[in-house]
Amino acid sequence: MLTKDEVKKLFTLSDNSLREYRNLGMPAKKVGRDYEYPKDEVIQWQRDRQDLVATKLEVGKNYLNQEITEIHLCLDQGGMRRSHSTGTLTIFTDTVDSRNPKIAG
């Protein structure tokens with residue numbers, strides 16, 4: 001079993017993010033005023049969540065911003081999306097560099 005601090009360190013989480021993980025279904029057992037976390041189950045739970053995101057995103061496919069936020073459970077800003085909810089980081093790039101357009105000759 002892992003303590004709250006061990007889980008926070010394992011996944012680099014804040015107290016609020018860990019609480020959100022529990023609300024999203026992370027395996028935990030209430031002991032007194034705190035929780036204990038079964039290590040193998042917690043790790044598998046996180047892998048399953050990451051796999052779910054990975055299966056919904058396809059390299060080379062164009063996505064609308066709304067689609068990205070719904071799949072990834074993240075904010076709608078920037079090209080690098082980190083989701084505490086899914087424990088994933090995805091980097092998106094623009095296929096057209098508007099700062100350096102090609103001029104037809």
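Which residue forms a salt bridge with Asp15, and how far apart are the closest N and O atoms? The answer comes in point 4, after the general layout.

1. Overall layout. The model is a predicted one. The protein holds four helices and four strands, and along the sequence these follow the pattern α-α-β-β-α-α-β-β. Of its 105 residues, 29% count as buried. The exposed area of the protein is about 8000 Å², with carbon and sulfur atoms supplying 50% of it. Among the contacts with a separation of 6 or more, 37% come from residues 24 or more positions apart.

2. Helix H1. This helix covers residues 4–11, and Val7, Lys8 and Phe11 are buried in it. Those buried residues lie on the same side of H1, because they cover an arc of only 100° around the axis. They pack against helix H2 (15–23) and helix H3 (39–56). On the face of H1 turned away from the buried side are the exposed residues Asp5 and Lys9. Just after the helix comes Thr12, which takes a positive phi of about 55°.

3. Nonpolar cores. In soluble globular proteins, nonpolar side chains tend to be buried together. The largest nonpolar core here has 10 residues in all: Leu2, Val7, Phe11, Leu13, Leu18, Tyr21, Met26, Tyr37, Val42 and Trp45. H1, H2 and H3 are the elements that give two or more residues to this core. Within the core, Val7 touches Leu2, Leu13, Leu18, Met26 and Tyr37, when residues up to four places away in sequence are not counted. A second, separate core consists of five residues, including Leu57, Tyr63, Ile68 and Ile71.

4. The salt bridge of Asp15 and Lys4. Side chains of opposite charge can pair when their charged atoms come close. The partner asked about at the start is Lys4: its salt bridge with Asp15 has the closest N and O atoms 3.9 Å apart. Asp15 belongs to helix H2 and Lys4 to helix H1, so the pair links distant parts of the chain, 11 residues apart. Asp15 has a relative accessible area of 37% and is therefore partly exposed. Lys4 also counts as partly exposed, because its relative accessibility is 27%.

5. The salt-bridge network. How many salt bridges does a search of the whole structure find? It finds three. Besides the pair just described, Asp15 meets Lys8 through their side chains, in a salt bridge of 2.7 Å from N to O. Lys8 also forms a salt bridge with Asp5, where the closest N and O atoms are 4.0 Å apart. Both Lys8 and Asp5 lie in helix H1, three residues apart, which is about one turn of the helix. Taken together, Lys4, Asp5, Lys8 and Asp15 are linked in a network of salt bridges.

6. Lys8 as a buried residue. Is Lys8 buried or exposed? Its relative accessible area is 18%, so Lys8 is buried; the cut-off for buried is under 20%. Lys8 is thus one of the buried residues of H1, along with Val7 and Phe11. Asp5, its salt-bridge partner in the same helix, is exposed and sits on the face turned away from the buried side.

7. Gln46. This residue is found in helix H3. Gln46 is buried, because its relative accessible area is 4%. What does the side chain of Gln46 make a polar contact with? The partner is the side chain of Tyr21, at 3.4 Å. Leaving aside neighbours within four places in sequence, Gln46 is in contact with Phe11, Tyr21, Thr86 and Gly87. Two of these, Phe11 and Tyr21, are members of the largest nonpolar core.

8. Helix H4. Which residues of H4 are buried? In this helix, residues 65–72, they are Ile68, Thr69, Ile71 and His72. Ile68 and Ile71 also appear in the second core, with Leu57 and Tyr63 among the other members. After H4 comes Leu73, whose phi is positive, near 55°.

Terms used: Residues numbered from 1 in each chain as written. Predicted model: local features only at pLDDT ≥ 70, side-chain atom pairs only at ≥ 80, totals over all residues. Heavy atoms only, no water. Buried < 20%, exposed > 50% of the residue type's maximum accessible area, 1.4 Å probe, protein only. Arc of directions from axis to C-beta. Contact = heavy atoms within 4.5 Å. Core = buried A, V, L, I, M, F, W, Y, C linked by side-chain atoms within 4.5 Å. Areas by Shrake-Rupley, 256 points an atom, 1.4 Å probe, with all protein chains shown as cover. Polar contact = N/O pair within 3.5 Å; in protein donor to acceptor, adjacent residues only side chain to side chain.
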